[in-house]
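Please open the model in your viewer and keep the sequence panel visible. The tour below proceeds by selection, with a short account of what is found at each stop.

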Amino acid sequence: FAIEAKRYAIGNGCKPEWIAQATRAAAKIGKFPCVVFKFDRLPIRVAVPFSAIAAAFDTTTKSEEWAHISLEGFAYLAREIMAWRA
């Protein structure tokens with residue numbers, strides 16, 4: 001993963017410009033993009049493209065959609081992708 005990390009006082013979701021920034025950085029190095037973000041008084045969340053989730057289960061998708069998952073969910077996803085590619 002190419003990880004983009006953000007922390008702000010207020011807000012409640014991953015901003016499109018963060019996704020665009022992560023996507024550009026990931027394309028340069030051939031990795032999946034992701035955005036780890038945190039707002040005050042809210043848990044850490046991770047935005048990942050559906051294509052990364054599909055890769056964890058050895059499938060593919062053409063979807064451009066992104067999902068917001070927990071930090072623990074991201075750790076599980078990364079583990080599954082690494083196991084599949086090993």
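A residue counts as exposed when its relative accessible area is over 50%, and as buried when that area is under 20%. The model on display is a predicted one.

**First stop: helix α3**

Select residues 71-85, which form helix α3, and pick out methionine 82 within them. Is methionine 82 buried or exposed? Its relative accessibility is 57%, and methionine 82 is therefore classed as exposed. Next, add alanine 56 to the selection. Between methionine 82 and alanine 56 there are 8.2 Å from C-alpha to C-alpha, although the two are 26 residues apart in sequence.

**Second stop: strands β1 and β2**

Now select residues 2-8 and residues 33-39, that is, strands β1 and β2. These strands run parallel and are joined by 7 bridges. To see how they are aligned, display alanine 2, for which the residue standing opposite in β2 is proline 33. Then add residues 16-29, helix α1, to the view: together with β1 and β2, this helix makes a β-α-β unit, and the unit is right-handed.

**Third stop: glutamate 4**

Within strand β1, select glutamate 4. The relative accessible area of glutamate 4 is 15%; because a value under 20% counts as buried, this residue is placed in the buried class. Which side chain does the side chain of glutamate 4 meet in a polar contact? The partner is the side chain of glutamine 21, at 3.4 Å.

**Fourth stop: cysteine 34**

Move to strand β2 and select cysteine 34. Here the relative accessibility is 0%, so cysteine 34 counts as buried. A distance drawn from the C-alpha atom of cysteine 34 to that of leucine 77 gives 12 Å, for a pair 43 residues apart along the chain.

**Fifth stop: the largest pocket**

Rolling a probe the size of a water molecule over the atoms shows where empty space is left. In this model, the largest pocket has a volume of about 190 Å³. To find the pocket, select Thr23, Pro33, Pro49, Ser51 and Trp66, the residues nearest its centre among the 13 that line it. Which element gives the most to the lining of the largest pocket? Helix α1 does, with 3 residues. Colouring the lining by residue class completes the view: 6 residues are nonpolar, 4 are charged and 3 are polar.

Definitions and conventions: Residues numbered from 1 in each chain as written. Predicted model: local features only at pLDDT ≥ 70, side-chain atom pairs only at ≥ 80, totals over all residues. Heavy atoms only, no water. Pairing = 2+ DSSP bridges. Helix = DSSP H or I, 4+ residues; strand = E, 2+ residues; numbered from the N terminus. Right-handed = clockwise from strand over helix to strand, strands pointing away. 1 Å grid on protein atoms, 1.4 Å probe; cavity = no way out; pocket = protein on both sides within 12 Å on 5 of 7 lines; lining within 4 Å. Points joined across faces, edges and corners; volume = space filled by probe spheres on them. Nonpolar A, V, L, I, M, F, W, Y, C, P; charged D, E, K, R; others polar. Buried < 20%, exposed > 50% of the residue type's maximum accessible area, 1.4 Å probe, protein only. Polar contact = N/O pair within 3.5 Å; in protein donor to acceptor, adjacent residues only side chain to side chain.
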